Amino acid sequence: MRRQFISHAISAVALLALGSLPASAADNAAIKEKAAVCAGCHGENGISQTENIPSLAGQPDQYLQWQLVFFRAGSRKNDQMQPIAEETTNEDVRNLGAYFAALTPPTAAEDKDPDLSKKGAQVAVGRRCASCHTDNFAGTKAVARLAGQREEYLVKALHDYKSSQRVGGGGAAMADVAYHMSDEEITAVSHYLAYFK
């Protein structure tokens with residue numbers, strides 16, 4: 001009786017282990033094929049080379065999933081993203097979130113304006129950016145990674161939050177933060193975060 005119990009226990013553990021194995025090669029190929037559509041705008045390996053288009057590499061999984069859901073539902077607006085997101089299934093959303101989260105995030109280039117970064121650091125402290133985005137601005141769960149993100153995209157995002165053009169997720173918190181920021185503060189903090197290492 002005891003041997004039979006041990007045998008069942010070992011079988012159960014083996015099944016659990018199998019369930020946690022990575023997706024099959026066919027599944028990986030399908031995920032990469034879907035992610036390849038994203039590369040046209042968001043860049044190879046999720047690192048954008050296009051103005052006002054964010055890098056996706058290294059963004060937290062849940063954050064990416066929520067953004068796709070917001071685009072798919074139409075609560076977040078973008079003429080290029082809407083039709084793509086509308087074609088994504090829930091499984092696609094989960095797979096793409098995990099795929100881009102696992103990629104190496106962009107490495108910040110050398111900061112050519114450290115004085116602006118110093119002002120930006122003061123803004124980040126004053127607006128308590130790290131309280132949600134973490135001390136290294138890598139984001140967590142459903143909160144975006146900011147470190148190394150494209151500077152002009154960060155400027156655009158903050159202006160969109162400030163004018164209530166961007167909603168969803170932490171939109172209320174971000175709108176409250178951005179609403180009270182001057183254009184100079186937005187420029188400075190965006191520069192600081194883009195070059196943060």
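Start with what helix α3 tucks away: Y63, L64, Q67, L68, F70 and F71 are its buried residues (buried means under 20% relative accessible area with a 1.4 Å probe, protein chains only). Looking down the axis of α3, these residues fall within an arc of 160 degrees, so they line one face of the helix. Their cover includes α4 (81–86) and α5 (90–101).

This is a predicted model, where local features need pLDDT of at least 70, side-chain atom pairs count only at pLDDT 80 or more, and totals for chains, interfaces and linings use all residues. Residues are numbered from 1 along each chain as its sequence is written, and side-chain values use heavy atoms, with hydrogens and water left out.

Just past α3, G74 has a positive phi of about 85 degrees.

Helix α9 (residues 171–179) has G171, A175 and A178 as its buried residues. They span an arc of only 75 degrees around the axis, which puts them on the same side of α9. Their packing partner is α8 (151–162).

| Helix | Arc of buried residues |
|---|---|
| α3 | 160 degrees |
| α9 | 75 degrees |

Now for a helix pair. Helix α6 (residues 114–126) packs on helix α10 (residues 183–194) at an angle of about 100 degrees, and their axes are 7 Å apart. The two are therefore roughly perpendicular (that label goes to angles of 65 to 115 degrees). On the α6 side, the contact residues (heavy atoms within 4.5 Å) include L116, K119 and V123, and on the α10 side they include E185, V189 and Y192. The contact divides into seven nonpolar, four polar and two charged residues.

Note on methods. Buried means under 20% relative accessible area, exposed over 50%, partly exposed in between (1.4 Å probe, protein chains only). Helices (H or I, at least four residues) and strands (E, at least two) are DSSP runs, numbered from the N terminus. The arc is that of the directions from the helix axis to the C-beta atoms. Axes are lines fitted to C-alpha atoms, for helices over the stretch in contact, and angles run from 0 to 180 degrees between N-to-C directions. Angles under 35 degrees count as roughly parallel, over 145 as roughly antiparallel, 65 to 115 as roughly perpendicular and the rest as oblique. Ala, Val, Leu, Ile, Met, Phe, Trp, Tyr, Cys and Pro count as nonpolar, Asp, Glu, Lys and Arg as charged, and the others, Gly among them, as polar.
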